[in-house]
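Hi,

Here is the model I promised to pass on. Have a look at it first, and my notes follow right below.

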There are 2 protein chains.
Amino acid sequence: MNNSKPVRPELRERVMKVVEETGFQPNAVARSLVNKETRIIGVMIPDISNNFYSNLIYGIDSVISEYDYSLFLAISDEVVEKELKFLRLFKEKQLDGVIMASIHFLEGHFQQLQEIQVPLVVTGHDLPGYNIPTVNINNVQASYDATAYLIAQGHQKIACISGPLWDPPCGLDRLGGYRKAMRAHGLDIHDGFMQEGEFTAKSGYEAMRKIWEESIRPTAVFVATDLMAVGVLNFLHDQGVRVPEDVSVMGFDDLEMASLTRPMLSTVHNDPYMYGRAAAEQILKQLRNEPVERMSIVPHDLVIRQSVCVIGK
Amino acid sequence: MNNSKPVRPELRERVMKVVEETGFQPNAVARSLVNKETRIIGVMIPDISNNFYSNLIYGIDSVISEYDYSLFLAISDEVVEKELKFLRLFKEKQLDGVIMASIHFLEGHFQQLQEIQVPLVVTGHDLPGYNIPTVNINNVQASYDATAYLIAQGHQKIACISGPLWDPPCGLDRLGGYRKAMRAHGLDIHDGFMQEGEFTAKSGYEAMRKIWEESIRPTAVFVATDLMAVGVLNFLHDQGVRVPEDVSVMGFDDLEMASLTRPMLSTVHNDPYMYGRAAAEQILKQLRNEPVERMSIVPHDLVIRQSVCVIGK
DNA sequence: ATGAAAGCGCTAACAA
DNA sequence: TTGTTAGCGCTTTCAT
């Protein structure tokens with residue numbers, strides 16, 4: 001008996017003794033079948049080897065484990081069929097809720113979601129027009145702030161290495177914030193100062209090479225992800241260009257490695273752990289039938305280290 | 001019907017139509033209850049934000065997902081009570097198998113394991129004297145090889161920053177390999193040349209400071225983890241000491257960041273992804289009642305980059 | 001306060 | 001080949 005009813009102490013003891021003797025172990029599967037509750041949350045991410053997602057998971061786990069929920073992990077590798085398959089699997093396994101991180105939504109996803117009817121929170125993407133709770137940073141604003149900071153340090157010739165354009169958050173939004181800031185301050189963007197990277201350090205390295213081959217050279221670069229920024233730092237290092245004296249570099253994400261580079265990288269603090277916590281809280285609210293916010297914005301801030309310097313007029 | 005019996009096509013179609021119409025979704029919980037199989041593997045790790053473990057998970061997932069198993073994740077934070085709790089939970093949830101990574105085993109663990117009787121594989125620790133399948137690198141041999149490599153480059157005054165001594169793999173074993181190599185080559189170890197770090201970059205930084213304050217200075221340092229090695233690199237950088245010209249540095253783990261530092265870190269390649277794959281294969285073997293190896297050693301190799309140089313006599 | 005019985009959704013064994 | 005039934009281990013309801 002799980003304290004669901006009053007029991008005479010005598011009987012209780014007798015039961016406990018038998019439990020001890022027979023080595024009784026409760027079976028959560030049977031319990032789930034009748035309770036219609038597994039106390040398991042499904043989490044779908046594109047890539048576990050990416051530190052961002054592992055910290056997201058850490059955040060999620062840190063709150064759900066408080067409430068005796070556990071974590072079922074699905075790694076989609078960005079393969080649409082797997083994503084759809086996992087969604088079905090989540091339903092079959094009767095998971096109580098689902099958190100999807102940075103999944104590129106297509107028509108099929110919405111359809112599948114419609115069918116399975118499971119409490120859901122999406123993080124890393126905005127879903128304008130859909131009634132699905134999301135948790136995200138304001139990428140446009142954060143990039144705007146980063147660029148504006150560069151401008152405030154006196155920079156005018158500022159380049160930008162964005163994520164791939166098919167990725168709304170790192171491609172579109174972060175590039176958008178940069179452009180918006182440049183425009184707002186009446187600054188021109190030189191042709192070739194906007195390069196598209198592909199998330200890897202190597203792609204940052206190459207993108208910076210392209211920028212460096214332009215007729216005009218920037219005095220500062222805003223890079224949409226830290227990993228690419230490390231590539232930029234390395235390119236500059238290999239060229240014998242000093243950072244920040246010759247070129248300032250501003251990253252985005254504040255990965256662990258951002259404070260381990262020399263010079264240490266100034267960047268936008270983007271806290272996947274907090275995303276995870278926020279997403280988990282939204283899911284838990286749904287499970288308790290409490291009202292949930294349609295979109296939660298997690299705050300960002302600039303972390304100023306060594307890779308940006310003030311420039312004279 | 002799941003193709004378990006021959007069915008007349010006509011009936012099959014009729015059933016399929018109803019399935020379509022009613023939007024039938026199978027319930028894996030009920031199925032698990034009767035089949036006594038959940039097709040879920042539990043994975044227990046101390047820390048998900050550590051890139052090592054996320055890649056381990058990636059490796060595990062890459063093989064189990066092939067066989068339609070999924071992943072239940074338990075993050076223990078190195079808290080013994082949580083570890084024990086998760087073990088019980090694994091049993092309650094009737095997971096088909098369990099992989100435990102780098103869990104420091106105590107008496108209670110073996111006892112709990114005894115009670116729950118679940119297919120198990122342990123990785124990251126050797127369990128001499130217990131009949132539990134393990135998957136691990138040969139830490140002693142790998143450290144020996146790394147140190148021997150330093151010696152082969154002409155170094156004789158070699159320091160070592162090990163992991164904490166309470167951690168057998170990174171503390172005892174890796175330090176042991178270093179000492180063994182020094183002894184085998186008839187080299188003395190100066191007092192104060194063996195420092196104990198605590199896994200973090202900062203602790204590597206501090207450990208290197210202590211070594212640097214010794215009366216004699218080493219020409220090379222073997223650091224038991226890359227993260228600490230980055231701390232060492234940074235200390236040396238901050239002191240204006242050139243690597244590798246003044247001091248050579250050898251790491252261990254081959255984290256992603258090892259190839260992103262300047263100079264790029266020479267290190268021992270330690271592939272958590274392969275650990276994961278190997279561990280998963282051992283678990284799968286158990287589930288198929290195939291014989292399993294008592295301990296599988298995953299091979300290591302030296303990756304030579306820029307942080308070690310040849311030294312003259 | 002305690003015991004007995006029904007039923008969660010499925011599969012396997014049986015009968016038709 | 002098809003339909004029926006028992007039972008997996010639990011919780012809940014209903015008698016006792």
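Sugar and phosphate supply 78% of the atoms of DNA strand D that lie within 4 Å of the protein, and bases supply the rest. Before I go on, the ground rules: this is a predicted model, where local features need pLDDT of at least 70 and side-chain atom pairs count only at pLDDT 80 or more, while totals for chains, interfaces and linings use all residues. Residues are numbered from 1 along each chain as its sequence is written, chains are lettered from A and ligands numbered from 1 in the order in which they are written, and side-chain values use heavy atoms, with hydrogens and water left out.

**Strand D**

There are 17 residues around DNA strand D, and those that come nearest are Pro26(A), Asn27(A), Arg31(A), Arg8(B) and Lys36(B). A residue is near a molecule or strand here if one of its heavy atoms lies within 4 Å of it. Three of these names turn up again at phosphate oxygens of strand D:

- a polar backbone atom of Asn27(A) is 2.7 Å from a phosphate oxygen;
- an N or O atom in the side chain of Arg31(A) is also 2.7 Å from a phosphate oxygen;
- for Arg8(B), a side-chain N or O atom is 2.6 Å from a phosphate oxygen.

As for secondary structure, α2 (28-35) of chain A and α2 (28-35) of chain B each supply at least two residues of the surface near strand D. Helices (H or I, at least four residues) and strands (E, at least two) are DSSP runs, numbered from the N terminus. With 4 residues, α2(A) gives the most to that surface. By class, the surface near strand D has 8 nonpolar, 4 polar and 5 charged residues. In this scheme Ala, Val, Leu, Ile, Met, Phe, Trp, Tyr, Cys and Pro count as nonpolar, Asp, Glu, Lys and Arg as charged, and the others, Gly among them, as polar.

**Strand C**

On to the other strand: of the 18 residues around DNA strand C, Arg8(A), Lys36(A), Lys5(B), Asn27(B) and Arg31(B) come nearest. Sugar and phosphate make up 80% of the strand C atoms within 4 Å of the protein. A polar side-chain atom of Lys36(A) lies 3.1 Å from a sugar or linking oxygen of strand C, and a polar backbone atom of Asn27(B) is 2.7 Å from one of the strand's phosphate oxygens. There is a base involved as well: a polar backbone atom of Ala30(B) is 3.5 Å from a base nitrogen of strand C. The elements giving two or more residues to the surface near strand C are α2 of chain A and α2 of chain B. Here α2(B) gives the most, with 4 residues. The surface near strand C divides into 9 nonpolar, 4 polar and 5 charged residues.

**Glu92(B)**

Which residues of chain A does Glu92(B) touch? Leaving out residues up to four places away in sequence, its contacts (heavy atoms within 4.5 Å) are Pro26(A), Asn27(A), Ala28(A), Val29(A) and Arg31(A). Glu92(B) itself is found in helix α4 (residues 80-92) of chain B. It counts as buried because its relative accessibility is 18%, where buried means under 20% relative accessible area, exposed over 50% and partly exposed in between (1.4 Å probe, protein chains only).

**Two threonines in chain B**

Thr219(B) sits in the loop between α8 (201-212) and β8, and is buried, with a relative accessible area of 15%. Its side chain makes a polar contact with the side chain of His155(B) at 2.8 Å. A polar contact is a pair of N or O atoms within 3.5 Å; within protein, one must be able to donate a hydrogen and the other to accept it, and residues adjacent in sequence count only if both atoms are side-chain atoms. Thr219(B) and Cys309(B) are 90 residues apart in sequence and 9.7 Å apart in space, C-alpha to C-alpha.

Thr225(B) lies in the loop between β8 (220-223) and α9 (226-239). Thr225(B) is buried too, with a relative accessible area of 4%. Not counting residues up to four places away in sequence, Thr225(B) touches Cys170(B), Arg174(B), Phe199(B), Phe252(B) and Asp253(B).

Cheers
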